[in-house]
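What can be read from the coordinates of a protein model that includes DNA? The paragraphs below go through it step by step, beginning with single residues and ending with the chains and the DNA.

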There are 2 protein chains.
Amino acid sequence: MKDQPVTIKDIAREVGMSVSSISRALSDHPHISEETKLKVKAAAEKLGYRYNALAAALRSSRSKIIGLIVPRVSMPFQSAVITSIQNRLHTYGYNLMVCQSNESPELEKKLVDLLLATQVEGLIVSSTLYTKDYSVFERPSMRGIPVVFYDRVPKDKACHKIVGDEFNGGYQVTKHLLEQGCKHIAHISGPLSCSIYQHRFNGYKEALNEYDVPYNEDLVFFHELNKENTFISCDKLFAGKIVPDAIFACNDTAALAVIEYGEGNNISIPSDLKVAGYSNDNRVEISRPKITSVEQFPHLMGDGAAKLIMDLIQSTENNKSYISLTTSIELIKRESSSRV
Amino acid sequence: MKDQPVTIKDIAREVGMSVSSISRALSDHPHISEETKLKVKAAAEKLGYRYNALAAALRSSRSKIIGLIVPRVSMPFQSAVITSIQNRLHTYGYNLMVCQSNESPELEKKLVDLLLATQVEGLIVSSTLYTKDYSVFERPSMRGIPVVFYDRVPKDKACHKIVGDEFNGGYQVTKHLLEQGCKHIAHISGPLSCSIYQHRFNGYKEALNEYDVPYNEDLVFFHELNKENTFISCDKLFAGKIVPDAIFACNDTAALAVIEYGEGNNISIPSDLKVAGYSNDNRVEISRPKITSVEQFPHLMGDGAAKLIMDLIQSTENNKSYISLTTSIELIKRESSSRV
DNA sequence: TTTCTATCTGCAATCGTTTGCATATACATA
DNA sequence: TATGTATATGCAAACGATTGCAGATAGAAA
């Protein structure tokens, strides 16, 4: 056995046929007889042949690779989505190349170039909190390579995308809090540059409007939703003229921070203050009180994103129209927002 | 502008030079004058040239792709590790292709083939709970492609690996519980086919031994560490002759299940029963009581795995010896195991 | 002028497949 | 015999870069 990898050329020599026939035999081309196929495959096995997907990709210009750009893998929602994207793509015989933007729009741009250089056949993207300029995804160099956005998608631009029903989520949470008798519902949100927060915010305002509760901008905050920022906002809220009787936090980390803030400041939840989060991550059921939150069904979203990109790749016609899918959400009511 | 992608050939035509010079100019080869490089790069920009990494990979047989095989992306520990692996590899100019075995040894094997076909330059692997046969990683067809295991590694086989100090973790937890005065420490573990559980179990027995507490096999359980299984084990434990005064669960999901079991069965924690988990995931601090657990520093492990694979790829000499790295752990004591 | 470096550039093979087209064979049909 | 139709196989040109080697050019030294 040589140290050089075995190629179809070696198989051709072994069985005394041309490389083209070997190639066809191995890929079950109908023009090759069953008998020959068996012979070729046996020889391949015997020689320890290994298919070179790169060479095939170069020649056929189908790399069977999908690129994924995501802010960070280690966010519970994202990792759940990625899990199902990867599993689904695998059933199509496609591989996934994962890149992280680390919430940096500049890096995100570079990653697009990187993945295009790798000849990905499609791109799945959930953008950074701050991405405003999406032009990189429609440069001429993108020609022919479909892009599917999910979750965090362009705000003002048509594109293929799959998103949760964020407006409805924001609306449902707010409506629920209103129905629990709350009058002063604070909203702790992520930056509005990010589509999901914009839509939840719109839903929030819609519900207020519907219930004739005036919108008060002293009760809304926009910042990255970590514990520190949330504490700062809580401080402001409880130092303000109007003390809130509910807080709608736009993720569960922030909601948990509110709970902790309450514990530390003698604010009892839900009697003094009702709280709701978003994403229904696995901490909200552990918390005491358990936290009302919105389930986003990340697996459906991942599955949908993978199916959508594959459809776009496989459809021959030049799709001029954009496909937009919405996955439903479900408000899960728990103790943190219950009537006392 | 044509619909065909622009290649270095087009640049060569544009600037009136040969493709080899273009190639060298673009990759900053020292034999090309600065002046020429600038001219070439300007032309590339102008034509909208995009580097084809696949073609380069084929010719140079350096794909700049690392394959990752992991049970599931959506486990908190795993996704934290993956995050740092990907970020670190990116600094080396390498990409990461992520595959999930879904805890199936058969699928795991197929993924090795798949990734080898993709011409990965290295493989990073955390195996399934049940992988016993690691021969697939040392077949002749693997020749030259380094493999780094992390976390869940082969038990009885030398290999490159980076693992947490599991024995010490198991030992520390058990010792801590003993020092809190516990005499009957149950151990709820994953299957021993998996290296990490074997080592934690060994650490558990070592501590018992050191404190002259007899090992009692009625107090140990081996199964997948989900809530249902843990409940079943708890039922058995509390129906047995010897009622435990502590439970050392091998992950936090199981520890949380024990807490929940306690709530539902009038077992008060930590006064009646002390509890410890493993991995220090973000739920243990939310739980009431907060749960004693073991921090594994997944980011160090990911970083280490990425560095190690790159070292192996870049080292020219044929490494005969295996490198084994151990990341330290830290026992975080919390209410669930405190003296009353 | 000649010769020698040093510096730059080009030729052409190569990486391992895929694939359009041509060809070969066998068998049936006219 | 000539023709047609499947069926099976081979030829050779791609795909787009890299790279060993040879060659060209220019300036300096002899």
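This is a predicted model, and a convenient place to enter it is B:Lys227, which lies in helix 9 (residues 227-239) of chain B. B:Lys227 has 14 other C-beta atoms within 10 Å, so it ranks as partly exposed; a buried residue would need 20 or more. Beyond its neighbours within four places in sequence, B:Lys227 is in contact with B:Thr253 and B:Ala257. B:Leu256 is 29 residues from B:Lys227 in sequence, yet the two C-alpha atoms are 8.1 Å apart in space.

B:Phe167 belongs to helix 7 (residues 166-179) of the same chain, chain B. Is B:Phe167 buried or exposed? It is buried, because 20 other C-beta atoms lie within 10 Å, and 20 is the count at which a residue begins to qualify. Once residues up to four places away in sequence are set aside, B:Phe167 touches B:His199, B:Asn202 and B:Gly203. B:Gln198 is 31 residues from B:Phe167 along the chain, with 8.4 Å between their C-alpha atoms.

Next come some points of backbone geometry. Most residues other than glycine have a negative phi, and most peptide bonds are trans. Against that background, the bond joining A:Ile269 and A:Pro270 is a cis peptide bond, with omega about 10 degrees. A:Pro270 sits in the loop between helix 10 (252-264) and strand 9 (274-276) of chain A. In chain B, a cis peptide bond joins B:Ile269 and B:Pro270, and omega is about 10 degrees there too. B:Pro270 is placed in the loop between helix 10 (252-264) and strand 9 (274-276) of chain B.

Positive phi values turn up at two loop residues of chain A that are not glycine. A:Gln119 has phi near 65 degrees and lies in the loop that links helix 6 (105-117) to strand 3 (122-125). With 24 other C-beta atoms within 10 Å, A:Gln119 is buried. For A:Asp151, phi is near 60 degrees, and the residue is in the loop between strand 4 (147-150) and strand 5 (160-164) of chain A. A:Asp151 has 25 C-beta neighbours inside 10 Å and therefore counts as buried.

Chain A as a whole contains 11 helices and 12 strands. Why is chain A described as more spread out than a compact globule? Its radius of gyration is 26 Å, well over the 20 Å that the globule rule gives for 340 residues, so the chain is more spread out than that rule would have it. Its C-alpha atoms fill a box of roughly 90 × 40 × 30 Å along the principal axes. Of its 340 residues, 47% count as buried. Among contacts in chain A between residues at least 6 apart in sequence, 73% join residues at least 24 apart.

One helix pair in chain A can be followed in detail. Helix 1 (residues 8-15) and helix 3 (residues 34-47) pack at an angle of about 115 degrees, and their axes are 10 Å apart. Helix 1 passes helix 3 in a right-handed crossing. From helix 1 of chain A, the residues A:Asp10, A:Ile11, A:Glu14 and A:Val15 meet A:Lys39, A:Val40, A:Ala43, A:Ala44 and A:Leu47 of helix 3. These contact residues divide into 6 nonpolar, no polar and 3 charged.

The two chains also touch each other, in a contact that takes 38 residues from chain B and 38 residues from chain A. On the side of chain B, the elements giving two or more residues are helix 4, helix 5 (76-91), strand 2 (95-100) and helix 6 (105-117). That side divides into 19 nonpolar, 15 polar and 4 charged residues.

Last come the DNA strands. DNA strand C is surrounded by 27 residues, the closest being A:Ser20, B:Ser20, B:Ser21, B:His31 and B:Arg59. Helix 4 of chain A gives the largest share of the surface near DNA strand C, 5 residues. This surface divides into 11 nonpolar, 12 polar and 4 charged residues. Around DNA strand D there are 26 residues, and the closest are A:Ser20, A:Ser21, A:Arg59, B:Thr7 and B:Ser20. Here the largest share, 5 residues, comes from helix 4 of chain B. The surface near DNA strand D divides into 11 nonpolar, 12 polar and 3 charged residues.

Conventions: Residues are numbered from 1 along each chain as its sequence is written. Chains are lettered from A and ligands numbered from 1 in the order in which they are written. This is a predicted model: local features need pLDDT of at least 70, side-chain atom pairs count only at pLDDT 80 or more; totals for chains, interfaces and linings use all residues. Axes are lines fitted to C-alpha atoms, for helices over the stretch in contact, and angles run from 0 to 180 degrees between N-to-C directions. Helices (H or I, at least four residues) and strands (E, at least two) are DSSP runs, numbered from the N terminus. A crossing is left-handed if the near helix is turned anticlockwise from the far one by less than a right angle, and right-handed if clockwise. Two residues are in contact if their C-beta atoms, placed from the backbone, lie within 7 Å. Ala, Val, Leu, Ile, Met, Phe, Trp, Tyr, Cys and Pro count as nonpolar, Asp, Glu, Lys and Arg as charged, and the others, Gly among them, as polar. A residue is near a molecule or strand if its C-beta atom, placed from the backbone, lies within 6 Å of it. The radius of gyration is taken over C-alpha atoms; the globule rule is 2.2 Å times the number of residues to the power 0.38. A residue is buried if 20 or more other C-beta atoms lie within 10 Å of its own, exposed if 12 or fewer, and partly exposed in between; C-beta atoms are placed from the backbone.
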